[in-house]
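Student: I should like to learn how to read a domain arrangement and a ligand site from coordinates. May we work through one example together?

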Amino acid sequence: MLQTKQLMDIEKIRKDFPILNVKVHGKPLVYLDNAATTQKPEAVINSITDYYENYNANIHRSIHKLGEEATAAYEEAHRKVSDFVNASFEEIIFTKSTTESLNLLAYSLGNKLKSGDEIVISQMEHHSNFVPWQQLAIKKGLKLKFIEIDENGLLKEDSINENITNKTKIVSLTHISNVLGTINNVEEIGKIVHENNALFIVDAAQSVPHMPVDVKKLDCDFLAFSGHKMLGPTGIGVLYGKKDLLEKMDPFLYGGEMIKEVTFEHTKFNDLPWKFEAGTMNIAQGIGLGTAIDYLNKIGMGNIEQHEKELIKYAMEKLNEIKEVEIYGPEADKRSGLIAFNVKDVHAHDTSQILDSEGIAVRAGHHCAMPLASVLGIVASARASFYLYNTKEEIDKLVEGINKVIKVFK
Ligand code: 7TS
């Protein structure tokens, strides 16, 4: 704890999150479901209220004071997101979520694919980076291929090399698995993708919130993430795309604001990024995401990454000591701050319910990765996932809770 205290003052950080004072079943909330969604600091909540109370107006249209203020705040949020991942302003599109960002890509890139073209994903993808490609493949007669995982929950190197070939048009991979916690070496895989002249998409829903991510360093063509998993509100997601690629792509949604000029016969689309932001956007949510980024920057993404590394190392050590617990995924040094597990012969839902009775929130189920669960040979698992406000003391409570599960079911 000493080293963490030097990096970040966790007690001070916890005071910024009103929900962490909530009692659950009379016990202090231990929130370990951050991979599903994170809690919001007061600053984010206040910035949303501030918009609605003081300058609520639609953006990019009304020449009045409130309209101009709202537009400026929304565009400032875009700028903050661009800087956060080292992209340029035109390359950042606001969407509803990672799911929408990936659907946008499947639709827009999919338009240009022909029967027989190949798309490569992996066995560890979340459904939102799985179902859009699967359905596109079915509709257009494409071949969908899967990079396999090994017994440690890592992508198999030979499977990467076998699957990505000169027939591949798109490779779309998760940066960090939301079940195994595996951190994939997307920088290296991206080089193989580009050697084969394919496009490289990174699902960064579980990485951008937890570690420094630089799109130039990764050299990915597209990257998707969600505001609500990084202290921001729901209803706001991000799609990064290289400018020259976005310029050539069809819009996903048509309507107001994504146009420059409309006649009875034709439409000229707007400049980037607005070409991909049709209709009235989630303005408050966009502004809230900007505030979340200010908050994360103040703490420092490197510090957050380091703090979570310490938490996961500690959690792995503690859970490994319990012989009834089976853990999925790699060793601590190859994973981010989440851990999926089962207590032997106990359904994950029962585990989660007993933990809930102790005030401990974890997720149980297939975690929107049913194909992965089938590869692991399980139907469900419980998952604890950490963020900047979690502590080793909370992991101790998780361990106590798991020991209670074992006692109840023996
Ligand atoms: N990709 C990954 C790797 C994810 O973990 C998730 C959400 C998504 C995409 C989709 O994000 P959304 O914001 O569009 O829903 N993962 C989870 C989870 O693990 N538990 O709840 C949501």
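Student: What distance separates the centres of domain 1 and domain 2, taken over C-alpha atoms?

Tutor: Please note that this is a predicted model. The centres of the two domains, taken over C-alpha atoms, are 27 Å apart. Domain 1 is assigned to 2-39 + 301-409, and domain 2 to 46-298.

Student: How many residues of each domain are in contact with the other?

Tutor: Contact here means heavy atoms within 4.5 Å. On that basis, 35 residues of domain 1 meet 31 residues of domain 2.

Student: What area is buried between domain 1 and domain 2, and which share of it do carbon and sulfur atoms give?

Tutor: About 2,700 Å² is buried between the domains, and carbon and sulfur atoms give 61% of that area. On the side of domain 1 that touches domain 2, helix H12 (301-320), strand S14 (338-343) and helix H14 (370-376) each supply at least two residues. The residues on this side comprise 21 nonpolar, 8 polar and 6 charged.

Student: How many salt bridges, and how many residue pairs in polar contact, are found between domain 1 and domain 2?

Tutor: The rule finds 0 salt bridges across the interface, whereas 17 residue pairs are in polar contact, with both residues at pLDDT 80 or more.

Student: Which residues around the ligand come nearest?

Tutor: Of the 17 residues around the ligand, the nearest are Thr-99, Asp-203, Ser-226, Arg-363 and Arg-383. A polar side-chain atom of Asp-203 lies 2.6 Å from a ligand nitrogen atom. For Ser-226, a polar side-chain atom lies 2.6 Å from a ligand oxygen atom. Thr-98 instead presents a polar backbone atom, 3.5 Å from an oxygen atom of the ligand.

Terms used
Residues are numbered from 1 along each chain as its sequence is written. This is a predicted model: local features need pLDDT of at least 70, side-chain atom pairs count only at pLDDT 80 or more; totals for chains, interfaces and linings use all residues. Side-chain values use heavy atoms; hydrogens and water are left out. Domain bounds come from an automatic or database domain assignment. Buried area is the accessible area (1.4 Å probe) that two parts lose on being put together, summed over both. A salt bridge is a side-chain nitrogen of Lys or Arg within 4 Å of a carboxyl oxygen of Asp or Glu. A polar contact is a pair of N or O atoms within 3.5 Å; within protein, one must be able to donate a hydrogen and the other to accept it, and residues adjacent in sequence count only if both atoms are side-chain atoms. Helices (H or I, at least four residues) and strands (E, at least two) are DSSP runs, numbered from the N terminus. Ala, Val, Leu, Ile, Met, Phe, Trp, Tyr, Cys and Pro count as nonpolar, Asp, Glu, Lys and Arg as charged, and the others, Gly among them, as polar. A residue is near a molecule or strand if one of its heavy atoms lies within 4 Å of it.
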